[in-house]
Amino acid sequence: MNTYLLGLISKWAGIICVTFSGILGTQTTEIENTNQTKYSKAAITELEYNTVTQYNNKIPSNITITKREGETGLAYTNETNKLVETIKDPVDQIIEVGTGDQGEFVGKMTGYGADCVGCSKTGTLSCKTKSGSKWSLIKNGEIYTDEEYGKVRILAASLNKFPCGTIIKVQNDNLGTFNAIVLDTGGAMRQAWSNGIVHMDLAFVSETSKGINNVTSKNVKYSVQRWGW
């Protein structure tokens with residue numbers, strides 16, 4: 001192969017390599033700063049959120065609830081850290097502090113069905129719901145949906161201490177931990193409280209419902225989360 005032909009091949013090989021290099025080379029993506037001229041010397045600074053405290057006597061004094069998490073905002077600031085323009089407003093954190101009676105108790109728990117001796121044949125509970133309607137274990141079931149705490153079990157308790165609508169976190173060694181609402185009462189519960197004993201009855205659709213025999217315990221922890229409606 002003569003020298004001229006060899007040089008020509010080398011030249012074309014170089015062009016092909018440059019072409020493929022341009023096609024296969026690393027690409028860099030840049031984000032356009034639309035405010036580059038206006039804020040060429042500005043920095044982005046976080047804006048701290050405020051904490052708003054609300055007091056609620058329906059919540060025991062040992063409980064604080066975060067109703068909404070706070071979010072920091074963003075803003076452009078100049079060389080002297082002076083605000084130039086807000087990019088995103090901060091969102092206040094809202095906490096709710098209880099001012100009501102403390103509600104930590106240890107007591108006994110039993111279970112009952114709508115067809116128990118002395119119970120209403122329709123399973124209608126002693127308390128009305130927040131909307132003022134009646135609740136039937138037979139018609140509506142043993143699970144109540146609370147607007148704050150979602151799906152909860154139903155308890156019978158002494159209404160002298162635990163008014164209708166009271167939300168209680170229950171820790172029962174046999175059943176685990178769950179939330180329940182007081183929507184019923186009974187003579188045994190009232191009598192127990194008059195003697196300084198906490199006794200609550202967990203509601204079931206029937207005396208033959210699955211799990212009712214596992215409820216009975218003498219060392220149940222009751223933690224009030226909300227006093228009444």
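How many salt bridges does the structure hold? The structure holds seven salt bridges, and several of them serve as stops on this tour. The model is predicted, and residues are numbered from 1 along each chain as its sequence is written.

**The whole chain**

Begin with the entire protein in a cartoon representation. Three helices and 13 strands are present. Of the 229 residues, 35% are buried. When contacts between residues at least 6 apart in sequence are considered, 73% of them join residues at least 24 apart. Switching to a surface representation displays an exposed area of about 14600 Å², of which carbon and sulfur atoms supply 51%.

**The sheet β1-β4-β5**

Next, select residues 43-47, 73-77 and 83-88, which are strands β1, β4 and β5 respectively. These three strands form an open sheet in the order β1-β4-β5, with antiparallel pairing. Strands β1 and β5 are the edge strands, each pairing on one side only. From one strand to the next, the twist averages 35 degrees. Strands of a sheet pair through backbone hydrogen bonds, in either a parallel or an antiparallel manner. To inspect one such pairing here, focus on β4 and β5, which run antiparallel and are joined by four bridges.

**L74 and the nonpolar patch**

Within β4, select L74. Which residue of β5 stands opposite L74? That residue is K88. L74 has a relative accessibility of 32%, and therefore counts as partly exposed. Now add I44 and I87 to the selection: together with L74 they make a nonpolar surface patch of about 260 Å².

**The pair E142 and R153**

Leave the sheet and show the side chains of E142 and R153. Side chains of opposite charge can pair when their charged atoms come close. E142 and R153 form a salt bridge, in which the closest N and O atoms are 3.7 Å apart. E142 is found in the loop between α2 (137-140) and β8 (143-146), while R153 belongs to strand β9 (residues 150-156); the two residues are eleven apart, and the pair links distant parts of the chain. Are these two residues buried or exposed? Both E142 and R153 are buried.

**R226 and its two acidic partners**

Centre the view on R226, in strand β13 (residues 217-226). The side chain of R226 meets that of D146 in a salt bridge with an N to O distance of 2.9 Å. D146 lies in strand β8, 80 residues from R226, and the pair links distant parts of the chain. D146 has a relative accessible area of 4% and is therefore buried; R226, with a relative accessible area of 6%, is likewise buried.

Then add E148, whose side chain meets that of R226 in a salt bridge of 2.8 Å, N to O. This pair also links distant parts of the chain, since E148 lies in the loop between β8 and β9, 78 residues from R226 in strand β13. With a relative accessible area of 45%, E148 is partly exposed.

**The final selection**

Which residues are joined into one network by salt bridges that share partners? To see them, extend the selection to K67 and E96: K67, E96, D146, E148 and R226 are joined into one network.

How values were computed. This is a predicted model: local features need pLDDT of at least 70, side-chain atom pairs count only at pLDDT 80 or more; totals for chains, interfaces and linings use all residues. Side-chain values use heavy atoms; hydrogens and water are left out. Patches are made of residues with over 30% relative accessible area and no salt bridge: like charges are joined within 9 Å, nonpolar side chains (Val, Leu, Ile, Met, Phe, Trp, Tyr) within 5 Å. Accessible areas come from the Shrake-Rupley method with a 1.4 Å probe; for residues, only the protein chains shown count as cover. A salt bridge is a side-chain nitrogen of Lys or Arg within 4 Å of a carboxyl oxygen of Asp or Glu. Buried means under 20% relative accessible area, exposed over 50%, partly exposed in between (1.4 Å probe, protein chains only). Contact means heavy atoms within 4.5 Å. Two strands pair if DSSP finds at least two bridges between them. Axes are lines fitted to C-alpha atoms, for helices over the stretch in contact, and angles run from 0 to 180 degrees between N-to-C directions.
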